[in-house]
Amino acid sequence: MDRTGTAGNYWTRRVARRGVVRAGVFGSAGLIGAALIGCGNDAKPTANNTTALAAGGSAAAAVRRGGKLLLSDIPQTQDLHRHSGTMPTPSLVADTPTAIDANGATQNFLLDGVEAPDASTYTFKFKQGVKFHNGREMTSEDVRQNFARIKATKGAWLKSVADGIDTMTMPDKNTITVKLSSPYSPMTSLISEMWLMAPESPGWDSTITTPIGTGPFVWKQWIPNDKIVLERFPDYWRKGQPYIDAIDIKNLKGDTTPALLAGDIHMTGVSRDQRKLIGSNPAITFQQEKATSWQFLSFNNRKARAPYTDIRVRQAMGYALDKSALNEFANGDTGTVADQMAPPKSFYWSDKVVDPFAKRDIAKAKQLLQAAGIAPGQLKPVMPVNSSPREPEAVAAQLKEAGIAPDLQVADDIATETRLQSYDWDIYYAGSGPRSDIALRYVRLMSDGPNPGLWGGPQDPEFDRLVKAAWTLVDGEARKAKYLEAWKIAMDKLFTIVVYHKAGTTAVRKEAGGWQTGAVANFNRIDGGVSFVQIQA
Amino acid sequence: MLQYAFRRIPPVIITLALASLFTFFMLRIVPGDVADVLSVQGAVSETDKALIRQEQGLDRPVLLQYTDWVGRLVRGDFGHSYFTHLPVRELFAYAFPKTLELAATAMAIALVVGLPLGTLAGAFRGSIFDHAATVLAMLMISVPTFALGIIALLFFAVRLQVLPATGSLVLPALALGIDISGTLVRTLRSDIREELRSDYVRTAHAKGLTPLTVLRRHILPNSLTATITVMGLALGHLLGGAVIIETVFHWPGIGTLLIESIRNRDYPVVEAVVMVITALFVAANLGVDLLYGLTDPRVRV
């Protein structure tokens, strides 16, 4: 989910990843067309069935039941343990032990409680009476089998977490104790992405073809490249929810704004420009995501070529960047200039970190290049660009003012990714999306971290040691201190330069009454999402 | 006629063989494979990538991969998608009827619009009707299909909201049909004008036949050779997936399947789709050749 180019939220990330031609040609054409013909129409009404009153008949407690919610996502598999490239859809069908609330905090979801005295032994106590879609009650043995399957499946989501499990025991039908080979404090946050399925799900031993979960909706049909059809699960453990009868998840790519304006879907992520264009539509409101993605300029750390091994050259590029201008260009008021991976003002963020590149200093950049023996115009860093070159071009324009002439090499996502992982480049400008735990950001800069190409594959034993030390700590403040020590190394050695953080925007049609955008991309969440939606006429 | 048909078989086999070589090796030249794609998604370590390549047989010599693939292809085994894990045959079963539906509707629109317009424009040469049809046909051909599609989408779906923006058959079929009918009008008009100057037409008139009878019995049948070619090529093109139009309208046909599979480096799907598209195109052209043989005995010689 990480290679976001210029886009920030989970909707636009996918657009950026997949849309060289589509986003460029059709998206632009769509936007221009929308601007030309105007977009201020009321949406088509969506059918809903009944309006039921809760106990006491209070108008305030009125619940509108029925109707179909129309969503958009690009799932690639029905097997929710395998990586699907997307998080929203699995959350409709399967629930997770924990969940991330609107403020980004981890809460129990299918769990009643967790005991983790030393971060290496976790005792998970699950709720009683939670049923799978096949009517069977979920037990701790099901949880064990889910962990075991994830561990045994190549490319499974959270496989690295499951790989750390030594033993699992089930004291009773609702409790499971998991012992890890080494302490790992992000465990409870990360299992908010572990979708539990019944081992009876068809294809369990190879590839699941119909997931049987405990989620609010039952998987009815998947037509690849078209849509997924889901129906309400009447025995959902959150009594009375969900309020809607069905969901169609349309498999839309590229610019989804016309589909939103036409009422084909009830919500979608929008860029700053799209928001401006549809801003006056009375059928649509905008919600900010509660978590942020971060944008960065990375250096090739694993196979750095001269003169990029010279810290002065890296610093020169840092001083040549105008973070404020880039943030304004990309985000307007939805972004914040930043210097850390942790979102500004969040728990793991520190106001004690000093950003040397907070203010642009072209003269200093030129001085540094001169001191490094580089003449103006001589430095031509190779800069791979994927999908959307708009922001990288702005970065290149800024660097040019300091006498640096980046060689932009545009290719599709996968070709760029392959290039990045071959370390045949010098600088790379990209973004990384919201995460359920800060560990998933720090792990990217570790020597054996996943998808290391984006950050130039740093291999720093001291950085690794500090992050691993942070994972062993149960106390939050102590953990934060260790992470910040590690971050100091990343900043001092200039693995990457953080430019800004931005919160994505979701455009929501009035039909999706009650929808609240949260801190993570899941459609179903503990304190918002589809379980709370009441379709409006 | 049978001998004529048999003569058409070897080029078909050569075309298919070349297409298989081209598709297979071009895909291997393009940077990135399925393991890289999964890695982009963020969940796969370097060790897992090696295991995935091993599991999919991508670590074997390319030539061996090719012969294996051709062997399976000949047996009708298209394999499984790396991503959906569904059999490619099943993905085809979802996508092909959609493309067929779109192609048939577009062809119907093209025939309904193009045949009468082209015939009348050719028969009444120099008239206002002829000029109007010529301009209209030029317009139909000149405006890019995707632009027409986007404008129609924004007007009918977004502005008027009388049709959905996604998954609707009407708009993409109209965009494609109009494009084909433009070519049809021009081809038919030109052929009819050509035939009108022929001796046999003059003879037919001299025999006392009415102009309508001459047009119906003599001119039209002789003018259809080029029209059949146009329609055959258009059909092959449509069955191969009108990639851009399917993408603009989110139509889940073969074109969409192909584009998505290329983006995901989903080799088994791309290879199968390209081979089937090639086979369809070749079959459509073979059909056209055979129709030539039926309508014009001279080509059988």
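In this predicted model, F96(B) is placed in helix α6 of chain B, a helix made up of residues 88-123. With a relative accessible area of 21%, F96(B) is partly exposed; the cut-off for a buried residue is under 20%. Apart from neighbours within four places in sequence, the residues in contact with F96(B) are L239(B), I254(B) and L280(B). A further position, P268(B), is 172 residues away from F96(B) in sequence, while the C-alpha atoms of the two are 16 Å apart in space.

A contrasting case in chain B is S181(B), found in helix α9 (residues 170-196). S181(B) is buried, and its relative accessible area is 0%. When neighbours within four places in sequence are left aside, S181(B) is in contact with A110(B), V113(B), G114(B) and M140(B).

The setting for both residues is a chain with 14 helices and 0 strands. The C-alpha trace of chain B spans about 85 × 55 × 25 Å along its principal axes. Chain B has 301 residues, of which 47% count as buried. Of the contacts in chain B between residues at least 6 apart in sequence, 74% join residues at least 24 apart. The exposed area of chain B is about 13,900 Å², with carbon and sulfur atoms supplying 70% of it. Chain B also carries 24 positive and 22 negative charges, and the mean positions of these two sets are 12 Å apart.

Aromatic rings offer another way into the model. Over all chains, the count comes to 24 aromatic pairs. One of them joins F24(B) and W69(B), which are stacked, with 5.5 Å from centre to centre and 25 degrees between the planes. F24(B) belongs to helix α2 (residues 9-29) of chain B and W69(B) to helix α5 (residues 62-74) of chain B, so this pair ties together parts that are 45 residues apart in sequence. Both F24(B) and W69(B) are buried. The ring of F24(B) has a charged partner as well: the charged end of R28(B) sits over it, 3.7 Å from the ring centre. Elsewhere in chain B, K98(B) lies over the face of W251(B), at 4.9 Å from the centre of the ring. In chain A, one aromatic cluster is formed by F347(A), Y348(A), Y442(A), F463(A), Y483(A) and F495(A).

Turning to chain A as a whole, the secondary structure includes 16 helices and 21 strands. Of the 537 residues in chain A, 62% count as buried. Among contacts in chain A with a separation of 6 or more, residues 24 or more positions apart account for 71%. Chain A exposes about 18,600 Å², and 52% of this area is supplied by carbon and sulfur atoms.

Helix α13 of chain A (residues 413-422) is a helpful element to look at in detail. In this helix 7 of the 10 residues are buried, so it is largely enclosed by the rest of the structure. The buried residues of α13(A) are D413(A), I414(A), A415(A), T416(A), E417(A), L420(A) and Q421(A). After α13(A) comes Y423(A), which has a positive phi, near 60 degrees.

The loops of chain A hold several further backbone features. L158(A) has a phi near 70 degrees, a positive value in a residue other than glycine. This leucine, L158(A), lies in the loop between α4 (140-152) and α5 (159-163) of chain A, and is buried with a relative accessible area of 13%. For L494(A), phi is near 50 degrees, again positive in a residue other than glycine. L494(A) is placed in the loop between α16 (476-492) and β19 (496-509) of chain A and counts as buried at 4% relative accessibility.

Cis peptide bonds also occur in chain A. The bond from Q241(A) to P242(A) is cis, with omega near -5 degrees, and P242(A) lies in the loop between β11 (227-232) and β12 (246-250). The bond from A306(A) to P307(A) is likewise cis, with omega near 5 degrees; P307(A) is found in the loop between β14 (284-299) and α9 (311-320).

A last loop residue is I74(A), found between β3 (68-72) and α3 (90-93) of chain A. At 7% relative accessibility, I74(A) counts as buried. I74(A) and K227(A) are 153 residues apart in sequence, yet their C-alpha atoms are 8.9 Å apart in space.

Definitions and conventions. Residues are numbered from 1 along each chain as its sequence is written. Chains are lettered from A and ligands numbered from 1 in the order in which they are written. This is a predicted model: local features need pLDDT of at least 70, side-chain atom pairs count only at pLDDT 80 or more; totals for chains, interfaces and linings use all residues. Side-chain values use heavy atoms; hydrogens and water are left out. Rings of Phe, Tyr and Trp (its six-membered ring) pair if their centres lie within 6.5 Å; planes under 30 degrees apart count as stacked, over 60 as edge-to-face and the rest as tilted. Helices (H or I, at least four residues) and strands (E, at least two) are DSSP runs, numbered from the N terminus. Buried means under 20% relative accessible area, exposed over 50%, partly exposed in between (1.4 Å probe, protein chains only). A charge sits over a ring if NZ of Lys or CZ of Arg is within 6 Å of the ring centre and within 35 degrees of the ring normal. Contact means heavy atoms within 4.5 Å. Accessible areas come from the Shrake-Rupley method with a 1.4 Å probe; for residues, only the protein chains shown count as cover. Lys and Arg count as positive and Asp and Glu as negative; His and the chain ends are not counted. The place of a charge is taken as NZ of Lys, CZ of Arg, CG of Asp or CD of Glu.
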